[in-house]
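User: I am new to this structure and would like to be guided through it by question and answer. Please set out the reasoning behind each reply.

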Amino acid sequence: MVSPLGDVAAQLARLPRWQRFGTLSAVRGAALSATGLGETLAVGDRVRVQRAGREALHGEIVAFQDRTAIAVPEGGTEGLGPGARLWLEEPLELYPCEAWMGRVIDSLGRPLDGLGALPQGRQGVRLRQPPPPAMRRRLVGGRLETGLRALDIFTPLCRGQRMGVFAASGVGKSTLMGMLARFVEADVIVVGLVGERGREVREFLDHALGEAGRRRSVVVVSTSDQPALARRRAAQATLAVAEHFRAAGRQVFLLLDSITRLAQAQREIGLAAGEPATARSFTPSVFTELPALLERAGPGMEGEGDITAVFTVLVDGDDHDEPIADAVRGILDGHIVLDRRIGERGRWPAIDILRSVSRSLPRCHTPAENALLAQARRLLACHADMAEMIRLGAYRGGSDPEVDAAIDRHPALEALLGQGIDERSTAAEAFARLEPILQPR
């Protein structure tokens with residue numbers, strides 16, 4: 001039983017220990033200039049600015065020049081005036097605990113679900129943390145049951161693996177995330193909704209995630225109307241909560257939607273800091289922020305658990321080679337591609353098996369499973385190569401035995417890959433269904 005005195009000591013430890021202030025010298029668009037803060041400030045420090053007739057405005061230092069600090073505000077600059085007092089605040093910390101499961105919070109750790117005050121743990125975690133040292137991390141573990149046949153057979157996930165879901169808008173990313181959150185075998189689910197439309201947050205919680213998924217989940221939300229700092233901080237808070245449970249030895253499954261909106265938020269911050277626009281108008285700090293965040297997921301050190309992570313990437317106009325998609329694909333341990341054309345012909349989830357890759361293969365499957373996988377991929381690839389001729393009626397049966405086999409088995413393979421949103425399947429069941437489809441006839 002925790003001592004009341006221990007709780008009081010923990011609360012006292014969180015009180016501000018110092019205050020340092022300066023003055024606001026300029027407001028230029030989305031950037032604030034401040035002087036008088038001293039020489040010990042650093043990029044990433046939080047500030048609070050006094051406003052006439054309004055509550056104080058929070059922000060974050062993103063750059064400095066000589067003795068002038070440049071900060072990005074979290075909100076509009078109405079009410080700011082020259083000489084306004086500006087305070088430097090202590091770094092933001094979250095205090096996760098077991099009671100956070102089943103709760104929905106914002107990027108500052110405040111409850112959004114109307115279920116009352118959020119219990120606080122005794123150990124604080126910083127939002128910005130370095131990843132575990134590369135040589136001290138454990139290796140990726142065994143196969144993780146996702147409950148989706150297409151993934152468990154063709155693009156399996158292992159414990160501690162990081163996977164990307166690449167898709168255009170409206171192709172079923174949220175539905176796929178909800179199925180994973182309900183079906184996957186994990187102790188804790190941590191979901192980050194970064195820059196999501198406000199209308200879709202409730203839909204995701206009530207329909208895609210559902211009651212069963214929500215009970216074992218911590219959901220961090222920052223909607224698209226919130227400032228860029230809040231959206232970026234939501235991604236950092238999602239990783240911080242997941243790291244807390246990993247450090248406690250738990251198997252964590254993390255879903256972050258989406259990396260593209262995080263990159264857009266970082267671009268806004270970078271432009272306000274004076275960075276030049278580079279690839280497709282993204283600033284250099286975007287490509288620094290991505291690996292710094294994504295590398296935090298993965299296996300923990302000895303005695304810790306794992307963070308198995310799925311990050312979504314919203315590709316622009318189905319261009320899977322745009323800068324963000326290309327950068328993320330190079331960092332993660334595999335990618336799942338959702339194709340609009342597959343969904344249009346009625347197969348959900350609309351996973352393009354031939355363009356999806358898991359870097360945990362072949363070691364996470366048994367030799368027999370790898371043999372079935374190779375045969376199925378070969379038939380799917382053969383059918384895809386001949387699809388146009390088959391549709392036009394230009395292919396004559398009997399011309400090629402492999403094409404004949406691909407045509408014969410294609411309906412059964414398509415049925416295997418399709419799955420209802422409430423239909424859970426184990427990996428053993430998936431391979432048991434695949435084997436008879438591939439038998440010679």
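User: Which elements are included in what covers the buried residues of α4?

Analyst: The model is a predicted one. Helix α4 spans residues 198-215, and its buried residues are Glu200, Val201, Phe204, Leu205, Ala208, Leu209, Gly210, Gly213 and Arg214. The cover over these residues includes β8 (103-105), α3 (173-183), β13 (188-196) and β14.

User: At which residue does α4 bend, and by about how many degrees?

Analyst: With 18 residues, α4 would reach 26 Å if it were a straight helix at 1.5 Å a residue. Its end C-alpha atoms are only 21 Å apart, which falls short of that span. The helix bends at Leu209, by about 95°.

User: Why does Glu200 count as buried, or does it count as exposed?

Analyst: Glu200 is found in helix α4. Its side chain has a polar contact of 2.9 Å with that of Arg197 and another of 3.2 Å with that of Arg199. The cut-off for buried is under 20% relative accessible area. Because its relative accessibility is 19%, Glu200 counts as buried.

User: Is Val218 buried or exposed?

Analyst: Val218 lies in strand β14, residues 217-223. Leaving aside residues up to four places away in sequence, Val218 touches Trp100, Met101, Arg103, Ile105, Ile189, Val190, Val191, Val241 and Phe245. Since its relative accessibility is 0%, Val218 counts as buried.

User: How far apart in space are Val218 and Thr238, C-alpha to C-alpha?

Analyst: In sequence, 20 residues separate Val218 and Thr238. In space, the distance from C-alpha to C-alpha is 8.6 Å.

User: Which residue in the turn of the β1 and β2 hairpin has a positive phi?

Analyst: Strand β1 (residues 20-28) and strand β2 (residues 31-35) pair in the antiparallel sense over five bridges; within this pairing, Val27 has Leu32 of β2 as its bridge partner. The two strands form a hairpin with two residues between them. The turn residue with a positive phi, of about 60°, is Gly29.

User: What is the bridge partner of Arg20 in β6?

Analyst: Strand β1 also pairs with strand β6 (residues 85-89), in the antiparallel sense and over four bridges. In β6, Arg20 has as its bridge partner Leu88.

User: What distance separates the centres of domain 1 and domain 3?

Analyst: The domain assignment gives domain 1 as 19-88, domain 2 as 93-358 and domain 3 as 367-438. Taken over C-alpha atoms, the centres of domain 1 and domain 3 are separated by 60 Å.

Note on methods:
Residues are numbered from 1 along each chain as its sequence is written. This is a predicted model: local features need pLDDT of at least 70, side-chain atom pairs count only at pLDDT 80 or more; totals for chains, interfaces and linings use all residues. Side-chain values use heavy atoms; hydrogens and water are left out. Buried means under 20% relative accessible area, exposed over 50%, partly exposed in between (1.4 Å probe, protein chains only). Contact means heavy atoms within 4.5 Å. The expected span of a helix is 1.5 Å times one less than its number of residues. The bend at a residue is the angle between axes fitted to the seven residues ending there and the seven starting there. Two strands pair if DSSP finds at least two bridges between them. Domain bounds come from an automatic or database domain assignment. A polar contact is a pair of N or O atoms within 3.5 Å; within protein, one must be able to donate a hydrogen and the other to accept it, and residues adjacent in sequence count only if both atoms are side-chain atoms.
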